[in-house]
Amino acid sequence: MTNEADDARATSPVLELVFYPTRGEPIPLLELRAGAAVAIVGDASAGRDALLRALAGLEPPYARPEGDERVPGEARVLLDGRLKRRRDRWRSVGVVFEQGGLWTGRSVRFNLELPYRYHGRHAPAGWRDRLEELARELDLHDALARRVEDTDLSIRRRAALARELAKEPRVLLFDEPQLGLSDAERERVLELLERRRSTRGVAVVFGDPDGYLRPFKVDRVLELADGQLRRVAAPSARPRRIASVDAPLERRAR
Amino acid sequence: MRGVTELAKILSLPLVAAAATARARGKGASLVVSTTLAQVTHTAQRPFVPLALVAALLGVVVAFAANKTIGATTFSGHLAQVLAVAVTRELTPLVVSLVLVARTGNQLTIQLGLMRAGHELDALEVSGIDPYYFVVLPRVVGVTLGAMALAVCCGAVGMIGGHGVARLIGALGYTVTAAEVFNALAVRDLAIALLKSGLCGLLVASTSCHFALTAGRSPVGVREAAERAALWGFALTLVINLGLSVYGFAG
């Protein structure tokens, strides 16, 4: 790849939420570039959960530009400027869920290795070494042989983070980074993510219900209240509405 | 109308799992096979002893009832056939179906419902693993095979046990021989018994998976899903049993 292509890739958004009206030009609602850190502040019921699930590609996004509620069209989530199938996204997008999302009845190690063993030769090279390194960095070695139901939330969430980071994702969605972790563990996790952002350009989106991350660690804050997504330029600035996110997404999808 | 939609979704679930399997192209096959075998064991092995006892008891009751009713009549030659048909083709698959709904189906709904509530299924999807292939398929296939194995084994125990106990006690002049009982078991009856239990296994697993995968992500949602799955499971297995019984007696 040429330097120009490298530059273009570095400056173009990694992840985008775009509204496509039936007529007219697409309207970008949310753009995430390599190495960015964004906090989405607001309750799960206000649409935070729905937005994160949509960005993860788990559900279709129901979002539209602010002020254009009646314009027909639909929102889509693009990865590297393209609409990708769910099974092609797995290496690019990592998600750490509230409860970790580890498979109960199996060991922590089984859960860490599951995606890579499943994909076999299609798994990213060197995943075993990366998992070992991440397990060491996140202090998981003593817990690897334990069954998931015998571990606490802190271990489950750190294990989920290790599993997702070993993919070397381009985007990491981390819901409620303060949940279940002690102060020291939280600092360690945030430092690890900071390093990943600066050295490998991983873009991180935090789901942050209490605004815990607002004063530090992130370079953009998006507020969600009553399904309205607002961009907060600076703590003192007046929030600007950028999109409406349909809160009862899950119910609609069903 | 909603019931028709639910029924269509339940019936199409095995097809959805089959399509997901085709898309997976053999990825993680060893994990899927081991989960399937675990499900067969869970479905067939653990409830085998209590179910076999129930089947044997049913065999004894049928043997005595048939002997008392037709033993002294000109129809006494059909005693062995009554025992074979009633126990192997009719009663055992029905009892197996009820146990499947009450035990296996309930357990499946709760397990998958909690996996959904705990984002375990989402985590699989995010890892590029289709839950319909990795989670649903092994359970549907495992429950189906387990139900068939359970019906065959319990049917055999019911026949042998019923006949054996009746012979041992020797009451009421029960004189049917073991050879007569086994000769009375037609391949068609065995096939109907297998079809009944296999279809019931398939439907119970599909019903449970469907309601679990559409449950609300909360304990209340899981409880409601388990309740709906049980009601639908009972209704569907009764329809299958009734339909195949009518077919069996009409043939």
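Partly exposed, as used here, means a relative accessible area between the buried range, under 20%, and the exposed range, over 50%. The model is a predicted one, and that scale helps to place its charged pairs. Side chains of opposite charge can pair when their charged atoms come close. Over all chains, the count comes to 24 salt bridges.

Start with a pair inside one helix. The side chains of A:Arg109 and A:Glu113 meet in a salt bridge, with N to O at 3.5 Å. Both residues sit in helix α4 of chain A (residues 108–119), and they are four residues apart, or about one turn of the helix. How do the two partners fare for exposure, buried or partly exposed? A:Arg109 has 34% relative accessibility, so it counts as partly exposed. A:Glu113, on the other hand, comes out at 13% and is therefore buried, given the cut-off of under 20%.

Other pairs reach across the chain. A:Arg195 makes a salt bridge with A:Glu137, and their closest N and O atoms are 2.5 Å apart. This one links distant parts of chain A: A:Arg195 belongs to helix α7 (residues 183–200), A:Glu137 to helix α5 (residues 127–137), and their positions lie 58 residues apart in the numbering. Here both ends are partly exposed, A:Arg195 with a relative accessible area of 41% and A:Glu137 at 25%.

Helix α7 of chain A also supplies A:Arg200, which forms a salt bridge with A:Glu168, the closest N and O atoms being 2.4 Å apart. A:Glu168 is in the loop between α6 (153–165) and β7 (171–175) of chain A, so the bridge ties together parts that are 32 residues apart in sequence. Again the partners are partly exposed: A:Arg200 has a relative accessible area of 42%, and A:Glu168 has 35%.

Salt bridges also involve chain B. A network of them links A:Arg53 and A:Glu59 with B:Asp122 and B:Arg217.

Turning to chain B itself, helix α3 (residues 48–70) has 23 residues, which at 1.5 Å a residue should span 33 Å; the end C-alpha atoms are 32 Å apart, so the two values agree. Which residues of this helix are buried? Among them are B:Leu51, B:Val60, B:Val62, B:Phe64 and B:Ile70, along with B:Gly59, B:Asn67 and several alanines, including B:Ala52 and B:Ala55. The cover over these buried residues includes α4 (79–117) and α6 (131–169) of chain B.

Notes
Residues are numbered from 1 along each chain as its sequence is written. Chains are lettered from A and ligands numbered from 1 in the order in which they are written. This is a predicted model: local features need pLDDT of at least 70, side-chain atom pairs count only at pLDDT 80 or more; totals for chains, interfaces and linings use all residues. Side-chain values use heavy atoms; hydrogens and water are left out. A salt bridge is a side-chain nitrogen of Lys or Arg within 4 Å of a carboxyl oxygen of Asp or Glu. Helices (H or I, at least four residues) and strands (E, at least two) are DSSP runs, numbered from the N terminus. Buried means under 20% relative accessible area, exposed over 50%, partly exposed in between (1.4 Å probe, protein chains only). The expected span of a helix is 1.5 Å times one less than its number of residues. Contact means heavy atoms within 4.5 Å.
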